[in-house]
Amino acid sequence: MEQMSLFDDRDQTAPLASRLRPETIEDYVGQGHLLGKGKILRQLIDKDQISSMIFWGPPGVGKTTLARIIANRTRASFLEFSAVTSGIKEIKEVMAQAEQARRMGLRTLLFADEIHRFNKAQQDAFLPYVEKGSIVLVGATTENPSFEINSALLSRCKVFVLKALEETDLKGLLNHALTSPKGFGDMEIVIEAVHLSMIARFANGDARTALNTLEMAVLNGKMDSEGKIHVNEEVLAQCMNRRSLLYDKNGEEHYNLISALHKSMRNSDPDAAVYWLCRMLDGGEDPLYIARRLVRFASEDVGMADSQALPLTIAAYQACHFLGMPECNVHLTHAVVYLSMAPKSNALYMACEYCRKDVRELPAEPVPLQICNAPTGLMKELNYGKGYEYAHDTEEKISKMKCLPESLEGRRYYLPTEEGQEKKVKERLEKILEWKRS
């Protein structure tokens, strides 16, 4: 737990991103949809009518900074809480102090950074004090609040979605860093505009990444005899050797990307499918997880339209198991492109869903006696297996024996399409049904 000083003087040994942290809304960059003139959050701040809220957005877009700006503008005591260092005991102690302050007419603004890291018991400890108004809770999270925050607590907080910064915003921040006395204003930095654009693009909407990259480039720049620091493309290449894409293997983005991959393949778009595949792999996703999803897709979305899709995806899974990353990326690409270009049929998936619905909702009918096994004499006496017709004994290799329970006679679950190889399956099934009806 940390109480913020409003006179924190951020010395020059602090990271550049920390030194340049804006202290007023006027200096704050981005989030115009929330902080522009007339926007709801701006009005709440200007009128000092802040209620409990959650800031949800990707890293480096200013969630913590915005909370600190609100603390400077509001007439409330400001406390910062850590999920790592604060247990139930500490939370209850602070809540008791906040309740006492409330009775004296004072407000307490409690900032919980990375609120998704608080466990259920810790979140529950906030709840009664948020309800009574003892505290104004401001939480910041990179995770979808509906997944990570208790529904009871979430229902009492307004959620504001912060967006990744635009490239133009980031270039403005970088230029400010080069001229501000808190940044590199007292140094002569030689860097081309195109290189600032490269840094802004590399940062992918993250102000902290942009400023950290600039700081690293300046520290590794070459100083000439006049004391000027030159930042060239070679230095930048070393500072941007790997782009950090937003991806959380256990959070919302994980589900968003696998959904994007699945739906791109379903829509027969191999380029989009390969892109989302590479995004997942670059984010560190387990290739075996992706391969398992492809195996499922092979039956769910391709099915009998191309039955080779299933063995191909299983082969891709085995290749991933044998080779691992990075070599198996081409095998996954092979499978993804194959599935994207294969004819599509969801008839197997729908057959399974229709049947599951009947199994869940209808009475559990006994197996018809003619298809029951009769391994004992007693079972034969009870007519188990009576009337069974061995299909191989017939000329057509089909019999007219009923296999469904009587109450489900005539029920159809598998309805083949005319896509790919399934067209032949449909024609054969129609002939079988017609023969049985004749």
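**Exercise 1. Classify I371 by exposure and place it in the predicted model.**

Step 1. I371 has a relative accessible area of 33%, so it counts as partly exposed. The model is predicted.
Step 2. I371 sits in the loop between α18 (347–361) and α19 (377–381).
Step 3. V367, I371, Y388 and Y390 make a nonpolar surface patch of about 400 Å².

**Exercise 2. Describe how α9 and α10 pack.**

Step 1. Take the helices: α9 spans residues 167–179 and α10 residues 193–203.
Step 2. Their axes lie 9 Å apart, at an angle of about 125°.
Step 3. The two helices are therefore oblique to each other.
Step 4. The crossing of α9 and α10 is right-handed.

**Exercise 3. Analyse the salt bridge between D301 and R266.**

Step 1. The closest N and O atoms of D301 and R266 are 2.7 Å apart.
Step 2. D301 belongs to helix α15 (residues 287–302) and R266 to helix α13 (residues 252–266), so the pair ties together parts 35 residues apart in sequence.
Step 3. D301 is buried at 6% relative accessible area, whereas R266 is partly exposed at 39%.

**Exercise 4. Analyse the salt bridge between K357 and E361.**

Step 1. The N to O distance for K357 and E361 is 3.0 Å.
Step 2. Both residues lie in helix α18, 4 residues apart, so about one helical turn separates them.
Step 3. K357 is partly exposed at 42%; E361 is exposed at 54%.

**Exercise 5. Find the network that includes D301.**

Step 1. The structure holds 18 salt bridges.
Step 2. Salt bridges with shared partners join R266, R296, E300 and D301 into one network.

Technical notes
Residues are numbered from 1 along each chain as its sequence is written. This is a predicted model: local features need pLDDT of at least 70, side-chain atom pairs count only at pLDDT 80 or more; totals for chains, interfaces and linings use all residues. Side-chain values use heavy atoms; hydrogens and water are left out. Patches are made of residues with over 30% relative accessible area and no salt bridge: like charges are joined within 9 Å, nonpolar side chains (Val, Leu, Ile, Met, Phe, Trp, Tyr) within 5 Å. Accessible areas come from the Shrake-Rupley method with a 1.4 Å probe; for residues, only the protein chains shown count as cover. A salt bridge is a side-chain nitrogen of Lys or Arg within 4 Å of a carboxyl oxygen of Asp or Glu. Buried means under 20% relative accessible area, exposed over 50%, partly exposed in between (1.4 Å probe, protein chains only). Axes are lines fitted to C-alpha atoms, for helices over the stretch in contact, and angles run from 0 to 180 degrees between N-to-C directions. Angles under 35 degrees count as roughly parallel, over 145 as roughly antiparallel, 65 to 115 as roughly perpendicular and the rest as oblique. A crossing is left-handed if the near helix is turned anticlockwise from the far one by less than a right angle, and right-handed if clockwise.
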